[in-house]
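This briefing covers a ligand site and a helix pair. The structure is shown first, and the notes follow by topic.

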Amino acid sequence: MLRTILLGPPGAGKGTQAVRIVEKYGIPHISTGDIFRDNIKRQTELGKKAQEYMNKGELVPDDLVIEIATDRLLRDDCKKGFLLDGFPRTVYQAEKLDEFMQAHGGKIDHVINLEVGDDLLIFRLTGRRVCKQCGASFHVVNIPPKVEGICDKCGGELVQRADDTEETVKNRIAVYKEQTMPLIDYYTKADNISTLDGAAPLDECFAEIVKVLGE
Ligand code: AP5
Ligand code: MG
């Protein structure tokens with residue numbers, strides 16, 4: 001059983017490492033950001049509501065996020081564990097998640113906190129490109145695609161995320177510090193958090209994660 005949370009500022013590498021973690025451990029990847037982006041693409045009511053906040057780099061209101069996250073956790077594929085990416089993001093969300101876990105006879109096993117300095121976060125996010133078709137993530141300098149603008153995996157078009165402009169990135173980092181960083185204390189008290197160097201090269205960072213989660 002592996003019930004894990006990936007914590008860290010925008011651009012820390014949560015999504016990038018998540019792809020490797022779920023492949024190795026065979027658990028579902030639950031990214032609230034991805035769920036919102038999918039809803040925005042389909043212009044659902046949820047998507048329309050979330051879009052307003054996301055484009056400004058603000059957090060989507062707690063009640064909306066908690067509902068979609070707990071609904072997702074109730075699905076059968078989460079019985080063997082799960083990897084939460086970008087949820088919880090406020091102390092209130094963390095408390096609600098704990099209540100949910102207790103009500104379902106479980107608990108969070110590990111919190112992996114990826115630490116990266118602000119300048120590197122800005123460099124990573126303004127240079128990130130994502131595939132419009134399959135969602136794969138690249139970086140113009142760090143992880144360039146073989147052909148510029150084209151996804152290596154599916155041949156789809158690579159685009160910049162709407163919230164990856166420098167101005168919005170700076171606001172997302174400020175919002176992270178104010179609203180999400182207190183979770184480090186919250187999970188330190190619960191004694192299940194490991195802080196790792198998210199600035200390390202991809203393979204090194206993944207190897208550290210595996211040390212925490214176990215072979
Ligand atoms: P979300 O989608 O969760 O975005 P985020 O937390 O801002 O984080 P990112 O996805 O931008 O970064 P990441 O850590 O995944 O980095 P990545 O691996 O891509 O949330 C978006 C929005 O949705 C929020 O702003 C909010 O509005 C809303 N939302 C979502 N959840 C919510 C919640 N719970 N409550 C309220 N609102 C919520 O890497 C970044 C780049 O760096 C890539 O280009 C990558 O290739 C490169 N890179 C990564 N690791 C390395 C490495 N080790 N070496 C070199 N390059 C690397
Ligand atoms: Mg992400």
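**Ligand 1 and its surroundings**

Around ligand 1 there are 36 residues, of which Thr-16, Glu-58, Arg-89, Arg-128 and Arg-172 come nearest. The model is a predicted one. The points below take the polar contacts of the ligand, then the make-up of its shell, then the helix pair.

Polar contacts and burial

- A polar atom in the side chain of Thr-16 is 2.5 Å from an oxygen atom of ligand 1.
- The side chain of Arg-128 places an N or O atom 2.6 Å from an oxygen atom of ligand 1.
- Gly-86 takes part through its backbone, with an N or O atom 2.8 Å from a nitrogen atom of ligand 1.
- The protein buries 96% of the 1,000 Å² that ligand 1 exposes when taken alone.

Make-up of the shell

- At least two shell residues come from each of helix H1 (14-25), helix H2 (32-41), helix H6 (118-126) and strand S6 (137-139).
- H2 gives the largest share, four residues.
- By class, the shell has 15 nonpolar, 12 polar and nine charged residues.

Helices H7 and H8

- Helix H7 (residues 166-180) and helix H8 (residues 182-190) have axes that come within 5 Å of each other and cross at roughly 35°.
- On the H7 side the contact is made by Tyr-176, Lys-177, Glu-178, Gln-179 and Thr-180, and on the H8 side by Pro-182, Leu-183 and Ile-184.
- Four of the residues in this contact of H7 with H8 are nonpolar, two are polar and two are charged.

Notes: Residues numbered from 1 in each chain as written. Chains lettered and ligands numbered in written order. Predicted model: local features only at pLDDT ≥ 70, side-chain atom pairs only at ≥ 80, totals over all residues. Heavy atoms only, no water. Axes fitted to C-alpha atoms, helices over the stretch in contact; angles between N-to-C directions. Contact = heavy atoms within 4.5 Å. Nonpolar A, V, L, I, M, F, W, Y, C, P; charged D, E, K, R; others polar. Near = heavy atom within 4 Å. Polar contact = N/O pair within 3.5 Å; in protein donor to acceptor, adjacent residues only side chain to side chain. Areas by Shrake-Rupley, 256 points an atom, 1.4 Å probe, with all protein chains shown as cover.
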